[in-house]
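Okay, thanks for coming, everyone. Let me put the structure up, and then I'll talk you through a few parts of it.

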Amino acid sequence: MSRLGLRLLTSLFFLSAAVSPVTAQPAAPVSEETVHEVAAQLRCVVCQNLSVADSPSEMASQMRAIIRDRLAAGERPAEVQQYFVDRYGEWILLSPPRRGFNLLVWLVPLAAVGVGLVTVAVLVRRWTCHRRDHRPTRVDVDPAMSERIRREVDSGP
Amino acid sequence: MTADLGYGMTLVALVLAIYGGAAAAVGARAGRPALVESAQHAALGVFVLITACFALLTYAFLTFDFSVRYVATNTNLGTPFYYRITAVWGALEGSIILWSWMLGLYTLILILRHRDSARELYPWALATMLGILAFFLLVMTIAAPPFQRQVPVAADGRGLNPLLEDTGMITHPVALYLGFTGFTVPFAFAMAALITGRIGDTWLVLTRRWTIVAWYFLSLGLLIGGWWSYHVLGWGGYWAWDPVENAAFMPWLTGTAFLHSVMIQERRRMLKLWNIVLVILTFGLTLFGTFLTRSGVIASVHAFTQGSIGALFLGFLALVVLTALGLVAWRWEAFRSQGELDSVVSRESAFLLNNVLLIAAAFTVFFGTVFPLLSEAVRGVKVSVGAPFFNQVNVPLFLSLIFLMGVGPLIAWRRASLESLKRNFLWPVVLGVAAAAAAFILGVRSALAALTLATTVFVGATIGVDFVRATRARLRAGEALVPAVGGLLRRHNRRYGGFVVHLGILLIALGVTGSHAWSVQTEATLRRGETAELAGYRFRFDDLTAVEESNHFKVVGAFTVSNGRVLDVLRPAKKFYPQEQSPIAYVDYRLGLKEDVYLVLGDFARDGTQATIKLQVNRLVSWIWIGGVVLTLGALLAILPERRTPA
Amino acid sequence: MRRLWRWLIPLAALPVLALLAYGFRVDPRDIPSPLIGRPAPAFGLATFEGAPLSLAAHRDKVVVLNFWASWCQPACYEEAPILERNWREYRDRGVVVVGVDIQDRREPAEKFVREFGLTFPNAQDLTGAVSVDYGVYGVPETFFLDRQGRIRVKHVGAVTDAVFRANVDRLLAEPGSP
């Protein structure tokens, strides 16, 4: 876009005398923390992977205002979340609802950790047993030499 | 003219790379060193050509050559000089050139370093490198050509994505790509080992430094990405578990596992198969990362354009993974070796546990990232898997890993006696528990935060215990303090380099815990002169000014921050670029060791009398960046050449 | 038989690769709406001229509800003349086109309406409540409502003549409310 375009854009801002509406906050006693908590579970629909709480976009700001209004009207956080799910689908929740197929996303990694730990336990058991069977015969060490070694080992890092 | 010249060079480079790869492979198979030498020359030629392409493209950017489509789409006459250079790798085509250039560079270094050292492995490693390089050149030629002609030539370009006008732009992709491409070399040697059947320690020893360097650059790239996100993207965070962030994090996790398990192979000759699989997994994940970024299969803030390029990358990923794992299966017999452990309580066990946790974390991140796709395939329902899930599942894993970080370096190899356990861990455990108690007394009520603090102190104490004991032994032997410490670090640079890296990770963990557990935020709409309060700070809205810059229009708000006395005036802004549909928010902040004050400008009234701001007080975030610096020092220490003679 | 187990290792990669390949067939940005078939949410806005605008006033008509913004280029600019043209053609046949402007400033929005000579009712959704009520996640999005006031089709992206006519004709052909 040319310099002219830039000028047009800037003049747009200076020419308009009307005060543009700013998202006003209602006078109800809803803690910002609660709004933040609810908003943190919802996905900002115009960003990628940001929560409504985090996103600096205008859409997110409007969504936060809606959350605030609904909480002020007495709705519980779960109900506010459900309101958004009814309109956008499960996709709007940043963590899938823990039902049915979605449980897999928690269970499969848990199973993976379990499998890993069990594998290591089995291998360690197998390798230590193997070691015990293959232990070499003891070699007799001269006690004076043994003492010298001990002194040196104890003094070094 | 520029476009044609560039395209021609790319084509020649592609042909050379294919020839070189084939020559090296044939030369290795048939035992003809002349062919291998010819491949070396081809590699040099490829590097020179890619460098020329890069230079030509940069020149086109600097001279506003809008006859090249890539230049026209990514700059305009208003783009500042500095950003015209960094714009070269700002979009898809340029990123492929950067990747190819680094691959070429690494291939050259591989040639210079290893052509005489690993006679058997070297030609096959070279062939693998050239083969991979050929693929990226192929992408450059047919799917994402940077030198496409723009007809008709416009008078002005579209302009750089404003989010990329930042110093992070020069460092983040460069560091990240150096890390990604760095893992190609250990992979190439692993392939060579599998092909020749020499799956012993040679390939491992040769690639040790490569692995540390690649791992370091990947860490750096991730940290810079976090820093860039924190101070540019305006959402107050540094990590969003975005699919492309995850795609860079997964190879880091498996790469870290690899770094540790090679130590078991070095000491005890075990885990040969596992190490080869790990390096294949790591390299495969780097390819998966490029696939994810460029295919549009999973929506992400980083995603470049869609198109046939996605299919190309998936095809290559499939080829690499199936071939490599197929070779592993083919060489299965050669991996027969009896593992032997003296005791369950030993460093070997700690390292094994470390590997399990890291791989489990990588798997969790992977599964969470592809789950939306899986859900759609199976149920036809789109779901999102975001930060809440990843934080929930990964926190216990990472906490356990940090705990292991304290146990591993101090527990003895083979068998740790009860006495050595007491000697090494008594103080750290005591201090850790004391830290938890102190946290509780000071008002920390989150069990997780207290546990993390305790673990961090525990690990810090183990590092301290080892360091103090070692220094004391040297002092007792008659050395002065400074030479003792210096000598210690130099003589055992691998060990202490590792310690310093661990220390860096500890600081990062501290920063992450602080920012998650104790950060606060709020939103407020203020008229001029009004104040908002948060965490002991007061923010007064002073003014709103409009400024015109060379390629954008900026609205800046002035806010005075005070906490009893005036601290600063913060100026968060909103920038309006003609080529972007919505304005970009630019944060302003005041950084500190204990906390950062962070301000984002939201809506505002046109006449400047009212503004909405998002306020954040983020705690301990600066320790993440400090941890990054410490990590750098540790990595540098670790890759110093070994001293043969005692210090 | 034991020799064959080792080949599980490379084979294990296949399902993952297949899943990734499946990803090419879906568009991650295309979110299906759960509101299809449900009654359209009511709203009460004021047009740019100040007249009240609501769905109740257009009961028994087929409603084409279009969400747009003046900064939405080029899609909104492409579909505006199409919407206007079809509005003029269908307005006497029991169809009404309603435009809702979201996340916009008044000045550029009015300019948009003037530029395309839009004669169908347009209102600004200042708080975003209406757009969220309809599950809007981008512009332009167009909803086709039947005569019973239910949402039947959600079209994401610029509306074309073909899309407009196909949907409206189908909904017109259906019997009205009892």
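I'll go through chain C, then the nonpolar cores, then a surface patch, and end with salt bridges.

Before anything else, keep in mind that this is a predicted model.

So, chain C. You'll find seven helices and seven strands there. Reading from the N terminus, the order is α-α-α-β-β-β-α-β-α-β-α-β-β-α. For the overall dimensions, the C-alpha trace spans about 80 × 45 × 30 Å along its principal axes. The radius of gyration of chain C is 22 Å, whereas a compact globule of 178 residues would come out near 16 Å. Now look at the contacts: if you take those in chain C with a separation of 6 or more, 71% are between residues 24 or more positions apart. Buried residues account for 51% of the 178 in the chain. As for the surface, chain C exposes about 8,400 Å², and carbon and sulfur atoms supply 58% of that.

Next, the cores. As background, nonpolar side chains tend to be buried together in soluble globular proteins. The largest nonpolar core in this model has 190 residues. Which residues have the most contacts inside it? Those are B:Phe136, B:Leu137, B:Leu194, B:Trp203, B:Ile280 and B:Phe288. Helix H6 of chain B, residues 121-143, gives the largest share of this core, with 16 residues. Let's zoom in on B:Leu137. Leaving out residues up to four places away in sequence, B:Leu137 touches B:Thr10, B:Ala13, B:Leu14, B:Ala17, B:Val46 and B:Ile50. Apart from that core there is another one, of 46 residues, and among them are C:Leu35, C:Phe67, C:Ala69 and C:Val113.

Not everything nonpolar is tucked away, though, as the next group is on the surface. B:Leu322 and B:Trp330 join C:Leu4, C:Trp5, C:Trp7, C:Leu8, C:Leu11 and C:Leu14 in a nonpolar patch, with about 820 Å² of accessible area together. The elements giving two or more residues to the patch are helix H12 of chain B (308-330) and, in chain C, helix H1 (2-5) and helix H2 (8-11). Take C:Leu8 as one example: C:Leu8 is found in helix H2 of chain C, and its relative accessibility of 45% makes it partly exposed.

Last topic, salt bridges. Side chains of opposite charge can pair when their charged atoms come close. Over all chains, the count comes to 36 salt bridges.

Let me start with the pair I'd pull up on screen, B:Arg268 and B:Glu348, where the closest N and O atoms are 2.4 Å apart. B:Arg268 is in helix H10 of chain B and B:Glu348 is in helix H13 of chain B, so this pair ties together parts that are 80 residues apart in sequence. Buried or exposed, B:Glu348? Buried, with a relative accessible area of 1%. B:Arg268 is buried too, at 12%.

Now set that beside B:Arg119 and B:Asp116, a salt bridge with its closest N and O atoms 3.9 Å apart. Here B:Arg119 is exposed at 60%, and B:Asp116 is exposed at 55%. In chain A, A:Glu79 pairs with A:Arg76 at 3.8 Å; A:Glu79 is partly exposed at 33%, while A:Arg76 is exposed at 53%.

And one to finish on: A:Glu32, A:Arg64, A:Arg68 and B:Glu523 are linked in a network of salt bridges.

How values were computed: Residues numbered from 1 in each chain as written. Chains lettered and ligands numbered in written order. Predicted model: local features only at pLDDT ≥ 70, side-chain atom pairs only at ≥ 80, totals over all residues. Heavy atoms only, no water. Patch = residues over 30% accessible without salt bridge, like charges linked within 9 Å, V, L, I, M, F, W, Y side chains within 5 Å. Areas by Shrake-Rupley, 256 points an atom, 1.4 Å probe, with all protein chains shown as cover. Salt bridge = Lys/Arg side-chain N within 4 Å of Asp/Glu carboxyl O. Helix = DSSP H or I, 4+ residues; strand = E, 2+ residues; numbered from the N terminus. Buried < 20%, exposed > 50% of the residue type's maximum accessible area, 1.4 Å probe, protein only. Core = buried A, V, L, I, M, F, W, Y, C linked by side-chain atoms within 4.5 Å. Contact = heavy atoms within 4.5 Å. Rg over C-alpha atoms; globule rule 2.2 N^0.38 Å.
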